Amino acid sequence: MTHYTATITHFKNEPIGIGLANDPNYGLVITSIAPAPEGALGESCLKKGMKLLTINNIDVSGLPSKEVVKILKDVEGKLVLSAQNVVPADITFEAGKHYRRPDGVVVHGTMKNDINNATPTIFKEAGVPSTTYSRIYKLIERDMKPPAAALRIHEITLDREFGSYVVTQMVTGGMIGYGTESRHEKKFYEMVLKSAHLERNVDLKAMEVMMQVNAMLAKYNLMATVALEPRKNGKDSRLERKKYETLNVVGLKFHQIE
């Protein structure tokens, strides 16, 4: 894994312009870098989100952030900080996006990161083999993504149908068409019922994949949970109280077992 090093000259108690926090999965993480000239590291290669490893070749990755801040303030003269990129502890997809393969087939749902760039840092630190990571990635892509994409496509169709529901119920002149109303109500009911079935498919597949992945990761002291992403609904209502939020399955996230 690539390490990044920044070297500055520091005077005791002079602000450096770096924010730090302890993350349960990644250790000591850089939360902010003040821009130059206010921040001495503003033009360095260190970036927000990186994991801080050493200060003047002393390992600080496992220390409390407050203690590390004090160390930084007390150092005089040459100050060398090394850090590394952190890949989030999840493997996720975007169900609402699609792309066309070279053979012309449209694939619904896209993985957020390519398989070659998505190995979570937590996997590398726990010693998870690349073959195991690949199996997990492909399980999520093959078994979790398709039902989630199918649900999203249906939700978009249902939203459109709902948006024109009243208009479709009426015929020219404002008269109710004989049989038109009941046929459309039946169609709408069937679409709502299909939504429930597709949501159940997503949930069941997510549980199945999660259990398979947890069996693979148990020996590495890691566990997986379902990654959820909120999405706002009720956009057709002008009343704020009728708007609501749903949670969508978007993959798996990983945790170290204490």
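**Entry 1: helix α1**

I started with Asp-74, which counts as partly exposed at 35% relative accessibility. For this label I used these cut-offs: buried is under 20% relative accessible area, exposed is over 50%, and partly exposed is in between, with a 1.4 Å probe and protein chains only. Before going on, I noted that this is a predicted model, in which local features need pLDDT of at least 70 and side-chain atom pairs count only at pLDDT 80 or more, while totals for chains, interfaces and linings use all residues. I also noted that residues are numbered from 1 along each chain as its sequence is written, and that side-chain values use heavy atoms, with hydrogens and water left out.

Which partner does Asp-74 have in a salt bridge? I found Lys-70, with the closest N and O atoms 3.0 Å apart. A salt bridge here is a side-chain nitrogen of Lys or Arg within 4 Å of a carboxyl oxygen of Asp or Glu. Lys-70 and Asp-74 are about one helical turn apart, because 4 residues separate them in helix α1. Lys-70 counts as exposed, at 52% relative accessibility. For the element names, I kept to DSSP runs numbered from the N terminus: helices are H or I with at least four residues, and strands are E with at least two.

Next I looked at the rest of α1 (residues 65-74), where Ser-65, Val-68 and Leu-72 are the buried residues. Seen down the axis, they fall within an arc of 60°, so they line one face of the helix. The arc is taken from the directions from the helix axis to the C-beta atoms. Lys-66 and Lys-70 are exposed on the other side. The buried residues of α1 pack against β1 (3-10), β2, β3, β4 and β6 (77-84), where contact means heavy atoms within 4.5 Å.

**Entry 2: a hairpin and a loop residue**

I then followed β2 (residues 18-23) into β3 (residues 27-33): they pair in the antiparallel sense over 6 bridges. Strands count as paired if DSSP finds at least two bridges between them. The hairpin joining β2 to β3 uses 3 residues. I looked up one bridge and found Ala-21 partnered with Val-29 in β3.

Leu-46 caught my eye in the loop between β3 and β4 (51-55). Is Leu-46 buried or exposed? Leu-46 is buried, at a relative accessible area of 1%. Leaving out residues up to four places away in sequence, Leu-46 touches Tyr-4, Ala-6, Ile-30, Ile-33, Leu-41, Leu-81 and Ala-83. The C-alpha atoms of Leu-46 and Ile-30 are 8.5 Å apart, although the two residues are 16 residues apart along the chain.

**Entry 3: cores and rings**

In soluble globular proteins, nonpolar side chains tend to be buried together. I used this rule for a nonpolar core: buried Ala, Val, Leu, Ile, Met, Phe, Trp, Tyr and Cys residues joined through side-chain atoms within 4.5 Å. The largest core has 35 residues, and the members touching the most others are Phe-123, Ile-136, Ile-140, Val-213, Leu-252 and Phe-254. Two or more residues come from each of β7 (90-100), α2, α3, α5 (180-217), β9 (222-233) and β10 (244-256). A second, separate core has 19 residues, among them Ile-18, Ile-30, Leu-52 and Val-68.

I counted 3 aromatic pairs. Phe-123 and Tyr-133 form one that is edge-to-face, at 6.4 Å centre to centre and 80° between the planes. Phe-123 sits in α2 (residues 121-126) and Tyr-133 in α3 (residues 130-163), so the pair ties together parts 10 residues apart in sequence. My rule was that rings of Phe, Tyr and Trp (its six-membered ring) pair if their centres lie within 6.5 Å; planes under 30 degrees apart are stacked, over 60 edge-to-face, and the rest tilted. Both Phe-123 and Tyr-133 are buried. Ring pairs join Phe-123, Tyr-133, Tyr-137 and Phe-254 into a cluster.

**Entry 4: back to charges**

The salt bridges come to 8. In one of them, Lys-51 meets Glu-125 at 2.6 Å, N to O. Lys-51 lies in β4 and Glu-125 in α2, so the pair ties together parts 74 residues apart in sequence. Lys-51 counts as buried at 10% relative accessibility, while Glu-125 is partly exposed at 43%.

Glu-155 and Arg-231 also meet in a salt bridge, at 2.7 Å, N to O. Glu-155 is in α3 and Arg-231 in β9, so far along the chain that 76 residues separate them. Glu-155 counts as buried at 15% relative accessibility, and Arg-231 counts as buried at 19%. Which residues share a network of salt bridges? I found Arg-152, Glu-155 and Arg-231 linked in this way.
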